[in-house]
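Got your viewer open? Get ready to click along, one selection at a time.

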Amino acid sequence: MQPRNMSMSGVVDLAAVKAAGEAKAKAEQTRAEAARQAAQGGAPASAGVVPPSALVIDVDEAGFERDVLQLSAEVPVVLDFWAEWCEPCKQLSPLLERLTIEANGRLLLAKVDVDSNQMLMQQFQIQGIPAVFAVVAGQVLPLFQGVAPEQEIRATLAQLVQVAEERFGIIGIEVDPNAEGGPAGDSAGEAEVPAGPYDALLEAAVVALDAGDLGGAVQAYKNVLADDPANTEAKLGLAQAELLARVKDMNPQAVRTTAAENPKDPAAQIAAADLDLVGGHVEDAFGRLVDTVRVTVGSDRDAVRVRLLELFEVIGADDPRVAAARTALARVLF
């Protein structure tokens, strides 16, 4: 079977599989259940921190909402439709597994045995296997069908990661390479873990924040990210410090009056959303910007979308309100 053109275009609504809105409504409940299961030693229903082996899973119709739709708000999920009798699948599946592991948490591979999941095969309108799709923030993207050279597949997955981060602010999940062998630090007499290379800079940023030196805190976090762009603590701290710096000199009454009088003005709505978030009105802030994305175009729309992604960073990817807002943003964009 010859591979079709691998493209990231043509986003299709997932309603035929499961309403994304239903997944959004159940996200918080599922995350709470995941926390309870984790506390009891069970398997978590959300991503969290996972061992490398958890990046490749088998999924069926019963678990599709939990293992694909809901997790797609945290990490891009690649769907590999295969069957035991399919010889090309035996070439492609191991390659997808290896590339997923190499991505180190920026992708999750969900394998679907079409013989056991005929309904999913019909709902995705699959004409032949292997067939590969991706799900990002509740939206499905057809990737390719058949076997393709590793270089092309690697490039397609890299593009998927980029789309997930730039359009939806989805940066993946944390992987613990030591989790496979049990909890680290079980051995008696094991040396204490030394301080990380950025601890001093992160501490300096916290001290600056406590002192009201927002500019100093911003610079300290940027210094960390210059060497370690994926540093989660620095990204969260920077987002919070920049937000505080933006609202520091605002006149809240004037900002809200301007926003009320100019519902389609992106600058006015962005400023009001910043105030909403600082005031603890997280869902109001997200809803305001999603609504503004809906009524704007071009560079104005992009500015609002980027600010929304920045506010996601302030709250954190694990918060169910962020997952819900990402799904809402996806519906507006596509």
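Here is a short tour, starting with the whole chain and ending at two pairs of helices.

**Stop 1: the whole chain.** Keep in mind that you're looking at a predicted model. Show the chain as a cartoon and you'll find 13 helices and eight strands. Of its 334 residues, 45% are buried. Now think about which parts of the chain touch: taking contacts between residues at least 6 apart in sequence, 72% join residues at least 24 apart.

**Stop 2: colour by confidence.** Switch the colouring to pLDDT. The average over the chain is 79, and 79% of the residues score at least 70. Where is confidence lowest, and where is it highest? Select strand E1 (residues 12-13) for the low end, with a mean of 32, then strand E4 (residues 77-82) for the high end, at 95.

Next, select residues 1-45, where pLDDT stays under 50. The model gives this stretch 83 contacts beyond four places in sequence. Then try residues 181-194, where pLDDT also stays under 50. Here the model has one contact beyond four places in sequence. A word of caution for such spots: where pLDDT is low, don't read the predicted coordinates in detail.

**Stop 3: helices H6 and H7.** Select residues 199-210 for H6 and 214-227 for H7. How do you describe a pair like this? For two packed helices, people give the angle between the axes and the distance between them. In this pair, the axes come within 7 Å and cross at roughly 165 degrees. An angle over 145 counts as roughly antiparallel, so that is what H6 and H7 are to each other. H6 passes H7 in a left-handed crossing.

Turn on side chains to see who makes the contact: from H6, Leu201, Leu202, Ala205, Val206, Ala208 and Leu209; from H7, Leu214, Gly216, Ala217, Ala220, Tyr221, Asn223 and Val224. Sorted by class, that's 11 nonpolar residues, two polar and no charged ones.

**Stop 4: helices H10 and H11.** Move on to residues 266-278 (H10) and 282-295 (H11). Their axes are 7 Å apart, and the helices pack at an angle of about 165 degrees. H10 and H11 are therefore roughly antiparallel, and their crossing is left-handed.

Which residues meet here? On the H10 side, pick out Pro266, Gln269, Ile270, Ala272, Ala273, Asp276 and Leu277. Facing them in H11 are Val282, Asp284, Ala285, Phe286, Arg288, Leu289 and Thr292. By class, this contact has nine nonpolar, two polar and three charged residues.

Methods
Residues are numbered from 1 along each chain as its sequence is written. This is a predicted model: local features need pLDDT of at least 70, side-chain atom pairs count only at pLDDT 80 or more; totals for chains, interfaces and linings use all residues. Side-chain values use heavy atoms; hydrogens and water are left out. Axes are lines fitted to C-alpha atoms, for helices over the stretch in contact, and angles run from 0 to 180 degrees between N-to-C directions. Helices (H or I, at least four residues) and strands (E, at least two) are DSSP runs, numbered from the N terminus. Angles under 35 degrees count as roughly parallel, over 145 as roughly antiparallel, 65 to 115 as roughly perpendicular and the rest as oblique. A crossing is left-handed if the near helix is turned anticlockwise from the far one by less than a right angle, and right-handed if clockwise. Contact means heavy atoms within 4.5 Å. Ala, Val, Leu, Ile, Met, Phe, Trp, Tyr, Cys and Pro count as nonpolar, Asp, Glu, Lys and Arg as charged, and the others, Gly among them, as polar. pLDDT is the predictor's confidence in each residue, from 0 to 100. Buried means under 20% relative accessible area, exposed over 50%, partly exposed in between (1.4 Å probe, protein chains only).
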